[in-house]
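The exercises below take one protein model piece by piece. Try each task with the structure in view before reading its solution.

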Amino acid sequence: MRLLLAQISDLHLDGSDRATRRATQVMDYLRALPRPVDAVLVTGDIADHGEEAEYEEAARILDAPFPVLTCPGNHDVRAAYRKALLGRPPADGPVNEVHRIGGVAILMCDATIPGRDEGRLDAETLAWMHDVLDPDTPALIAFHQPPVVLHHPLPDSGRLESPGDLAALLDAHPQVVGVLTGHAHTAAASAFGGRPLVVGPAVTWTLRLPWEGDGPADREQPPGLAFHILDDDLRLTTHYRVVLP
């Protein structure tokens, strides 16, 4: 096994005891694992209102003895995210970061369109991705909005616009071994551009699938997370886990 990664998504921290408890519960579970993860990937919607106080709380909750990598979602606000979560000067441009963990490049990408639920990898972000992807280094790409419609409760308006741009990037970079997203509030697995596409479950609450009963949201479902195993053959294997109270 080359890497053991955990993915959490959609914390929607809003200052409420409920959101704080659920996010803390998941991070406490990860800190207590007998085999530490190599990194945790947080795929967006960290704050619910994009306020600095929400990111200050996120910084406290996400503090861990292993790397915690983040990217913004449609509920996040770039300037506050940079200032209060990353400790950097506030700015409104895309928040893109590359991390190298165990010989693998992990691209945490900003696919947000300020003020909208839809996502898009804009020209600046796509150019950055092409620049940082090294043909000799295996890579994972993570961002918030999935590039495909996964199920009925997630409408077309919530997905990544212009997914052909991502498909073209994947065609140009065969070293990318998988794509990780959030936003759907439901664990899901598919494929895109010939790569595994994995959607991490939400920490805050879960969307019911059409056959799971009336009403779109299940706020009583325990928070979940995904574990990703990247082996020496660069095969990406994913396991989902529900964190019980």
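## Salt bridges

The model is predicted, and a search of the whole structure finds 10 salt bridges.

**Exercise 1.** Find out how far apart the closest N and O atoms are in the salt bridge of Arg35 with Asp38, and classify the exposure of each residue.

Step 1. The closest N and O atoms of Arg35 and Asp38 are 3.3 Å apart. A salt bridge needs a distance within 4 Å, and this pair forms one.

Step 2. Arg35 has a relative accessibility of 34%, so Arg35 counts as partly exposed.

Step 3. Asp38 has 23% relative accessibility and therefore counts as partly exposed.

**Exercise 2.** Describe the salt bridge of Asp110 and Arg78: its N to O distance, the places of the two residues in the chain, and whether they are buried or exposed.

Step 1. The side chains of Asp110 and Arg78 meet at 2.9 Å, N to O.

Step 2. Asp110 sits in the loop between strand E5 (104-108) and H4, while Arg78 belongs to helix H3 (residues 78-85). The two residues are 32 apart, and the pair links distant parts of the chain.

Step 3. Asp110 and Arg78 are both buried.

**Exercise 3.** Work out the N to O distance for Asp233 and Arg235, and how Asp233 is classed by accessibility.

Step 1. The salt bridge between the side chains of Asp233 and Arg235 has an N to O distance of 3.5 Å.

Step 2. The relative accessibility of Asp233 is 57%. The cut-off for exposed is over 50%, so Asp233 counts as exposed at 57%.

Step 3. For a case beyond single pairs, look at Arg116, Glu118 and Glu161, which are linked in a network of salt bridges.

## The first sheet

**Exercise 4.** Give the strand order of the sheet that contains E1, and name its edge strands.

Step 1. This open sheet has 5 strands in the order E3-E2-E1-E12-E13, with mixed pairing.

Step 2. Strand E3 (68-71) and strand E13 (236-242) are the edge strands, as each pairs on one side only.

Step 3. From one strand to the next, the twist averages 25°.

Step 4. Helix H1 (residues 17-31) packs on this sheet and touches E1, E2, E3, strand E12 (224-230) and E13. The direction of H1 makes about 35° with that of E12.

**Exercise 5.** Compare the pairing of E1 with E2 and that of E12 with E13: how many bridges are there, and in which sense do the strands run?

Step 1. Strand E1 (residues 3-8) and strand E2 (residues 39-43) run parallel and are joined by 4 bridges. Within this pair, Gln7 has Leu41 in E2 as its bridge partner.

Step 2. E12 and E13 pair over 7 bridges in the antiparallel sense. Leu225 stands opposite Arg241 in E13.

Step 3. E12 and E13 form a hairpin, with 5 residues between them. In the turn, Leu234 has a positive phi of about 65°.

**Exercise 6.** Locate Ala32, class its exposure, and state how far it is from Val98.

Step 1. Ala32 lies in the loop between H1 and E2.

Step 2. Ala32 counts as exposed because its relative accessibility is 60%.

Step 3. Ala32 and Val98 are 66 residues apart in sequence, and their C-alpha atoms are 27 Å apart in space.

## The second sheet and a helix pair

**Exercise 7.** Give the strand order of the sheet that contains E7, and describe how E7 and E9 are joined.

Step 1. The order is E4-E5-E6-E7-E9-E8, an open sheet of 6 strands with mixed pairing.

Step 2. Its edge strands, each pairing on one side only, are strand E4 (97-101) and strand E8 (188-192). The twist averages 20° from one strand to the next.

Step 3. Strand E7 (residues 176-181) and strand E9 (residues 195-199) run parallel, joined by 3 bridges. Val179 has Leu197 as its bridge partner in E9.

Step 4. H5 lies across strand E6 (139-142), E7, E8 and E9, at about 70° to E8.

**Exercise 8.** Describe how helices H4 and H5 pack, and which residues meet.

Step 1. Helix H4 (residues 123-132) and helix H5 (residues 163-172) pack at an angle of about 10°, and their axes are 11 Å apart.

Step 2. Angles under 35 degrees count as roughly parallel, and H4 and H5 are therefore roughly parallel to each other.

Step 3. From H4, Leu126, Met129 and His130 meet Asp165, Leu169 and Ala172 of H5. The residues of this contact divide into 4 nonpolar, 1 polar and 1 charged.

Note on methods: Residues are numbered from 1 along each chain as its sequence is written. This is a predicted model: local features need pLDDT of at least 70, side-chain atom pairs count only at pLDDT 80 or more; totals for chains, interfaces and linings use all residues. Side-chain values use heavy atoms; hydrogens and water are left out. Axes are lines fitted to C-alpha atoms, for helices over the stretch in contact, and angles run from 0 to 180 degrees between N-to-C directions. Angles under 35 degrees count as roughly parallel, over 145 as roughly antiparallel, 65 to 115 as roughly perpendicular and the rest as oblique. Contact means heavy atoms within 4.5 Å. Ala, Val, Leu, Ile, Met, Phe, Trp, Tyr, Cys and Pro count as nonpolar, Asp, Glu, Lys and Arg as charged, and the others, Gly among them, as polar. Buried means under 20% relative accessible area, exposed over 50%, partly exposed in between (1.4 Å probe, protein chains only). Two strands pair if DSSP finds at least two bridges between them.
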